[in-house]
Amino acid sequence: MKAKSTQKQQSLGEVRVIAGLWRGRKLPVLNAEGLRPTTDRVKETLFNWLMSDIADNRCLDCFAGSGSLGIEALSRQAQAVVFLEKFTNAAAQLKKNLEKLKTEKGVVFNVDTLQFLAKPNQDKPFDVVFIDPPFHHQLVPKVLALLAQNHWLSEQAILYVETEKDHPPLVLPEGWQMIKEKSAGMVTSRLIQLTPLKSE
């Protein structure tokens, strides 16, 4: 049974692109329960970390929500961004925003992220992955496992993970390393990089 739409779910907030082609552009986003766009402060930290890793690379925005992270990557000349968003209204708004930006480099899938990643990747792998799931659902370990198992990642991919501050420590697959970690308020941001395993 479909939940009734509330006035709160249909009202619009906005996110701001902080740099690149669309610097300063404000885009409408749904004020839906559980939709928590990354703050400008956290986003600025993240893209300072990724300064030389976005241009001409393929990005995957898991649990895209407002699409704030993937759109920021497109603004900074990412080759392409795939957005995964389970909620139909949020996915529809994200598609409208990409149309408004007149870009064909972003593709939105209205799909559950875990179900999408559970299938083996049939396309080019991703160089940068944004993982910013709803808090307190322990989704990050499942996403990391699926990304590793199903060939979604390029050899030296970088993953950004945003969690609640009290999230349990992450257990990383062999050959992955934490290269950045920072907490701001109730949020912890982490950057993880894959390092090619040395052959014997």
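Q: Buried means under 20% relative accessible area, exposed means over 50%, and partly exposed is everything in between, with a 1.4 Å probe and only protein chains counted; which of these words applies to Lys 26?
A: Lys 26 has a relative accessible area of 49%, which lies between the two limits, so Lys 26 is called partly exposed. This is a predicted model, in which local features need pLDDT of at least 70, side-chain atom pairs count only at pLDDT 80 or more, and totals for chains, interfaces and linings use all residues. Residues are numbered from 1 along each chain as its sequence is written, and side-chain values use heavy atoms, with hydrogens and water left out.

Q: Why is the contact of Glu 14 with Lys 26 called a salt bridge?
A: Side chains of opposite charge can pair when their charged atoms come close. The term salt bridge requires a side-chain nitrogen of Lys or Arg within 4 Å of a carboxyl oxygen of Asp or Glu, and the closest N and O atoms of Glu 14 and Lys 26 are 3.8 Å apart, so the pair qualifies. The two residues are 12 apart in the chain, with Glu 14 in strand β1 (residues 12-16) and Lys 26 in strand β2 (residues 26-30); helices (H or I, at least four residues) and strands (E, at least two) are DSSP runs, numbered from the N terminus. Glu 14, with a relative accessible area of 51%, is exposed.

Q: How do you know that Asp 112 and Lys 86 form a salt bridge?
A: The closest N and O atoms of Asp 112 and Lys 86 are 4.0 Å apart, and a search of the whole structure, which finds 6 salt bridges, includes pairs of this kind. Asp 112 sits in the loop between β5 (106-110) and α5 (113-117), whereas Lys 86 sits in the loop between β4 (80-85) and α4, 26 residues away along the chain. Both are partly exposed, Asp 112 with a relative accessible area of 21% and Lys 86 at 47%.

Q: What makes helix α3 mostly covered?
A: Helix α3 covers residues 68-75, and 8 of its 8 residues are buried, including Leu 69, Ile 71, Glu 72 and Leu 74. For Glu 72 the relative accessible area is 0%, so Glu 72 is buried. The side chain of Glu 72 meets that of Arg 76 in a salt bridge of 3.1 Å, N to O, and Arg 76, at 21% relative accessibility, counts as partly exposed.

Q: What is unusual to note about phi in Gln 77, which follows α3?
A: Phi of Gln 77 is near 75 degrees, a positive value in a residue other than glycine. Gln 77 is placed in the loop between α3 and β4, and its relative accessible area of 39% makes it partly exposed.

Q: Why is the ring pair of Phe 47 and Phe 130 called tilted?
A: A pair of aromatic rings is described by the distance of the centres and the angle of the planes. Rings of Phe, Tyr and Trp (its six-membered ring) pair if their centres lie within 6.5 Å, and planes under 30 degrees apart count as stacked, over 60 as edge-to-face and the rest as tilted. The centres of Phe 47 and Phe 130 are 5.9 Å apart and their planes stand at 45 degrees, so the pair is tilted. Phe 47 belongs to helix α2 (residues 40-49) and Phe 130 to strand β6 (residues 126-131), 83 residues apart, and both are buried.

Q: Why does the ring pair of Phe 109 and Phe 116 count as tilted?
A: The centres of Phe 109 and Phe 116 are 5.3 Å apart and the planes are at 45 degrees, so this pair is tilted as well. Phe 116, at 19% relative accessibility, counts as buried, whereas Phe 109, with a relative accessible area of 36%, is partly exposed. Phe 109, Phe 116, Phe 126 and Trp 152 form one aromatic cluster.

Q: How do you know that Ser 52 is exposed?
A: The relative accessibility of Ser 52 is 68%, and therefore Ser 52 counts as exposed. Its place is the loop between α2 and β3 (58-62).
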